[in-house]
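Reader: I should like a close look at one part of this structure, with the packing around it set out in geometric terms. Please treat the matter as one connected account.

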Amino acid sequence: MTPTWQSAALALATDLRNVFGDRLRSVVAYGPQLDGHADAPLTCLALVSTLTMGDLEECARREAHWRRGGVATPLILPDAEFRSSLDAFPLEYGEIIRAHERVFGDDPFDGVAIAREDLRRACETQIKSHLVHLREGFIESGGRPTAVGDLVSASAPAFTALLRHVAWLSGNHQPGRLVATREGARVAGIPDNIVTDMIALEQRETVPTTDPAKLLPEYLAAVEQLSRAVDAWRY
């Protein structure tokens, strides 16, 4: 763990141990903070043996304290529920499994596997939903450059996440977000230039070299190509 988020993660684990005691199985950190985005809230997953209404009330009393410390509300799940939900949330849990750091307890992902077909189906659903959203968003913008630019910029994080999901689907488990994003684009046949522009928009602190509104035609073509690639996916 790195000093930028270690203390907050350990403080959260201590709070959760005070709530759950021996029922706290593990705590892992994941998300943008681990990739160097210091301004992003720290996101964590906590697995417990049981979860009651009383536990939720205890956590609710601590939520404001966590928020002030730069910690997002942790995702708290009973261990058995987590394992039985892998087929329902393969992308969300797959992203945590791909890049996480153990804070407390054993690694909860030992022996955990997400079925490739569950992952492929979820990728297909999200990619096609993203494509529909972009098309509808453009129509709703009335073609106004500012509104189109806002649409492209706001959707950049979702697009780069889709590329990381495709990298995971291909069997690439690189923990680095940037490497995984570019690997997903490579296996799907997405041109590198549009990926570079969308990464710049996602990171925000990087000044884009192109007007976001002017990226839309190439961006739409990239999402269409991503959809075709996942449709034709063969293991």
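Author: Helices are taken here as DSSP runs of H or I with at least four residues, numbered from the N terminus. The model is a predicted one. In these terms, Leu131 belongs to helix α5, and this helix, with its partners, is the part examined below.

Leu131 serves as the starting point. Its relative accessibility is 8%, which is why Leu131 counts as buried, the limit being under 20%. Leaving aside residues up to four places away in sequence, Leu131 is in contact with Leu220, Val223 and Glu224. These three residues are among those that α9 contributes to its contact with α5. His165 stands 34 residues from Leu131 along the chain, and the C-alpha atoms of the two are separated by 16 Å.

Two packed helices are described by the angle between their axes and the distance between the axes. For helix α5 (residues 116-141) and helix α9 (residues 216-231), the axes come within 9 Å and cross at roughly 155 degrees. Since an angle over 145 degrees counts as roughly antiparallel, α5 and α9 are therefore placed in that class. Their crossing is left-handed. On the side of α5, the residues in contact are Arg120, Cys123, Glu124, Ile127, Lys128, His130, Leu131, Leu134, Arg135 and Phe138, and they meet Leu216, Tyr219, Leu220, Val223, Glu224, Leu226, Ser227, Val230 and Asp231 of α9. By class, the residues of this contact are eleven nonpolar, two polar and six charged.

Helix α5 also packs with α6, with axes 10 Å apart and an angle of about 170 degrees. That angle makes α5 roughly antiparallel to α6. The residues of α5 in this contact include Leu119, Cys123, Ile127, His130, Leu134 and Phe138, and those of α6 include Leu151, Ala158, Phe159, Leu162, His165 and Trp168. The contact of α5 with α6 comprises 14 nonpolar, seven polar and two charged residues.

The aromatic side chains may now be considered. A pair of aromatic rings is described by the distance of the centres and the angle of the planes. Four aromatic pairs are found in a search of the whole structure. In the pair of Phe82 and Phe109, the ring centres are 5.8 Å apart and the planes stand at 50 degrees, so this pair is tilted. Phe82 lies in helix α3 (residues 79-84) and Phe109 in the loop between β4 (100-105) and α5, so to speak of the pair is to speak of distant parts of the chain, 27 residues apart. Phe82 has a relative accessible area of 0% and is buried; Phe109 is likewise buried, at 8%.

A further pair joins two helices already discussed. The ring centres of Phe159 and Tyr219 are 5.2 Å apart and their planes stand at 75 degrees, so the pair is edge-to-face. Phe159 sits in helix α6 (residues 145-169) and Tyr219 in helix α9, and the pair links distant parts of the chain, 60 residues apart. Phe159 and Tyr219 are both buried. Phe159 is among the α6 residues that meet α5, while Tyr219 is among the α9 residues that meet α5. Lastly, one aromatic cluster is formed by Phe82, Phe89, Tyr93 and Phe109.

Key
Residues are numbered from 1 along each chain as its sequence is written. This is a predicted model: local features need pLDDT of at least 70, side-chain atom pairs count only at pLDDT 80 or more; totals for chains, interfaces and linings use all residues. Side-chain values use heavy atoms; hydrogens and water are left out. Axes are lines fitted to C-alpha atoms, for helices over the stretch in contact, and angles run from 0 to 180 degrees between N-to-C directions. Angles under 35 degrees count as roughly parallel, over 145 as roughly antiparallel, 65 to 115 as roughly perpendicular and the rest as oblique. A crossing is left-handed if the near helix is turned anticlockwise from the far one by less than a right angle, and right-handed if clockwise. Contact means heavy atoms within 4.5 Å. Ala, Val, Leu, Ile, Met, Phe, Trp, Tyr, Cys and Pro count as nonpolar, Asp, Glu, Lys and Arg as charged, and the others, Gly among them, as polar. Rings of Phe, Tyr and Trp (its six-membered ring) pair if their centres lie within 6.5 Å; planes under 30 degrees apart count as stacked, over 60 as edge-to-face and the rest as tilted. Buried means under 20% relative accessible area, exposed over 50%, partly exposed in between (1.4 Å probe, protein chains only).
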